[in-house]
Amino acid sequence: MHIRIGTRGSRLALWQAEHIQTLLQAGGLTSELVLIDTKGDQVLDRSLSKIGSKGVFTQELEDQLWVGSIDIAVHSAKDLPSSLPNGLSIIAFTERELPNDVLVSRDKNLSLTSGREFTIGTSSTRRVAMLKHYCPHVTTVDMRGNLQTRIRKLDEGQCDALLLAYAGVHRMGYDDLIVEQLPLSDFTPAVGQGSIAIEAADTLSIDKIDRVRQLTNHGLTEACLRAERSFLARLEGGCSIPSFALAQWSPEQTITLTGGLVSLDGSQLLRENFTGAPEEASMLGHELAESILTRGGDVLLTEIRAHL
Ligand SMILES: NCc1[nH]cc(CCC(=O)O)c1CC(=O)O
């Protein structure tokens with residue numbers, strides 16, 4: 001069996017697509033990579049929230065799934081909108097990497113808890129709002145571009161540090177630049193952070209769907225991601241909304257979902273926890289969303305949307 005894999009061309013995207021190739025190869029499947037540019041790769045002078053929240057990194061790959069020129073598309077799970085176009089589904093989620101955000105800098109002494117004033121480059125509305133909430137002493141600088149570009153900007157002195165997902169930093173081999181790992185309890189990551197999602201058209205042969213899923217899907221990660229993504233779906237939030245959610249499983253095989261919303265200025269942060277069985281994952285996400293919305297999240301979301 002041969003699988004044509006669609007991927008973006010950034011180094012991180014290629015690492016992830018090659019990781020999928022390795023998993024498929026272990027099961028005896030051959031594969032090839034088809035490189036596809038997305039709007040998120042082309043438009044670098046505007047923040048993601050201004051380009052349009054949905055599918056910035058995924059639309060062009062989905063077009064090729066429709067046409068059938070690729071069998072599967074590989075994405076950072078975080079970049080996939082919570083609701084997919086009709087006829088497309090996620091068929092697998094890989095085992096999640098450490099989901100934390102990390103502070104990256106050439107200055108080993110930098111710390112968010114030191115109270116020292118410094119600047120952080122990020123273009124994520126979630127990270128900006130959370131920094132305003134938890135670390136009002138730091139200033140954020142808008143910074144887009146792939147990891148390599150951001151590190152170049154850091155080295156040019158455009159900021160003192162970057163706030164990034166550990167998963168990407170680690171995959172690109174920049175572990176040496178990590179000066180602090182942020183606690184999940186405060187800096188809860190974005191939905192899906194650290195996992196790789198495989199998307200396919202429902203018309204793909206069932207044999208291929210089953211085999212790819214068998215070789216790449218991680219059941220517990222999948223349950224966690226279903227919980228997180230159902231939370232996001234209920235909020236109708238893309239990656240431009242400052243929402244956060246992380247589901248984790250316990251040794252007793254229950255799933256605890258924690259998540260919420262933070263206002264753009266950081267003044268209000270709503271967070272809650274729900275625990276249940278993996279089979280109830282989607283329901284947990286829905287419950288979390290309902291609870292956050294009733295506690296003032298609906299007003300917060302309206303305000304957020306008016307400002308983006
Ligand atoms: N939107 C950018 C993006 N999408 C996925 C990752 C990192 C890998 C991951 O979280 O799975 C990143 C970079 C970052 O947030 O630092």
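This passage describes the domains, a three-stranded sheet and its helices, and the nonpolar core of a predicted model.

Because the model is predicted, local features are reported at pLDDT of at least 70 and side-chain atom pairs only at pLDDT 80 or more, whereas totals for chains, interfaces and linings use all residues. Residues are numbered from 1 along each chain as its sequence is written.

The chain divides into domain 1 (1-94 + 195-217), domain 2 (101-181) and domain 3 (218-308), with bounds that come from an automatic or database domain assignment. Taken over C-alpha atoms, the centres of domain 1 and domain 3 are 24 Å apart.

A good place to begin is the open sheet, where three strands follow the order β11-β12-β13 with antiparallel pairing. Helices (H or I, at least four residues) and strands (E, at least two) are DSSP runs numbered from the N terminus, and two strands count as paired if DSSP finds at least two bridges between them. The edges are β11 (243-249) and β13 (269-276), each of which pairs on one side only. From one strand to the next, the twist averages 10°; axes here are lines fitted to C-alpha atoms, for helices over the stretch in contact, and angles run from 0 to 180 degrees between N-to-C directions.

Seven bridges join β11 to β12 (residues 255-262) in the antiparallel sense. Leucine 246 faces threonine 258 of β12, and alanine 245 has glycine 259 as its bridge partner in that strand. The hairpin of these two strands has five residues between them, and there glutamine 253 adopts a positive phi near 65°. Of the seven residues in β11, five are buried, a residue being buried if 20 or more other C-beta atoms, placed from the backbone, lie within 10 Å of its own, exposed if 12 or fewer, and partly exposed in between.

Two helices accompany the sheet. Helix α9 (residues 219-235) lies across β11 and β12 and runs at about 155° to β11, while helix α10 (residues 281-307) lies across β11, β12 and β13 at about 160° to β13. The axes of α9 and α10 come within 8 Å and cross at roughly 30°. Residues making this contact include Ala223, Ala227 and Phe231 of α9 and Leu284, Leu288 and Leu301 of α10; two residues are in contact if their C-beta atoms, placed from the backbone, lie within 7 Å.

Leucine 284 lies in helix α10 and is buried because 29 other C-beta atoms lie within 10 Å. Leaving aside neighbours within four places in sequence, leucine 284 contacts Ala227, Ile255, Leu257, Phe274 and Gly276. Its C-alpha atom is 6.3 Å from that of phenylalanine 274, 10 residues away along the chain.

The largest nonpolar core has 78 residues, and those with the most contacts inside it are Ile72, Ile198, Ala227, Phe231 and Leu257. Such a core is a set of buried Ala, Val, Leu, Ile, Met, Phe, Trp, Tyr and Cys residues joined through C-beta atoms within 7 Å. Helix α10 gives the largest share, eight residues. Beyond four places in sequence, isoleucine 198 contacts Ile20, Ile72, Val74, Ile90, Ile91, Ala92, Val212 and Thr216.

Elsewhere, helix α5 (residues 125-134) is mostly covered, with eight of its 10 residues buried. Among them are Arg126, Arg127 and Lys132, alongside Val128, Met130 and Leu131.
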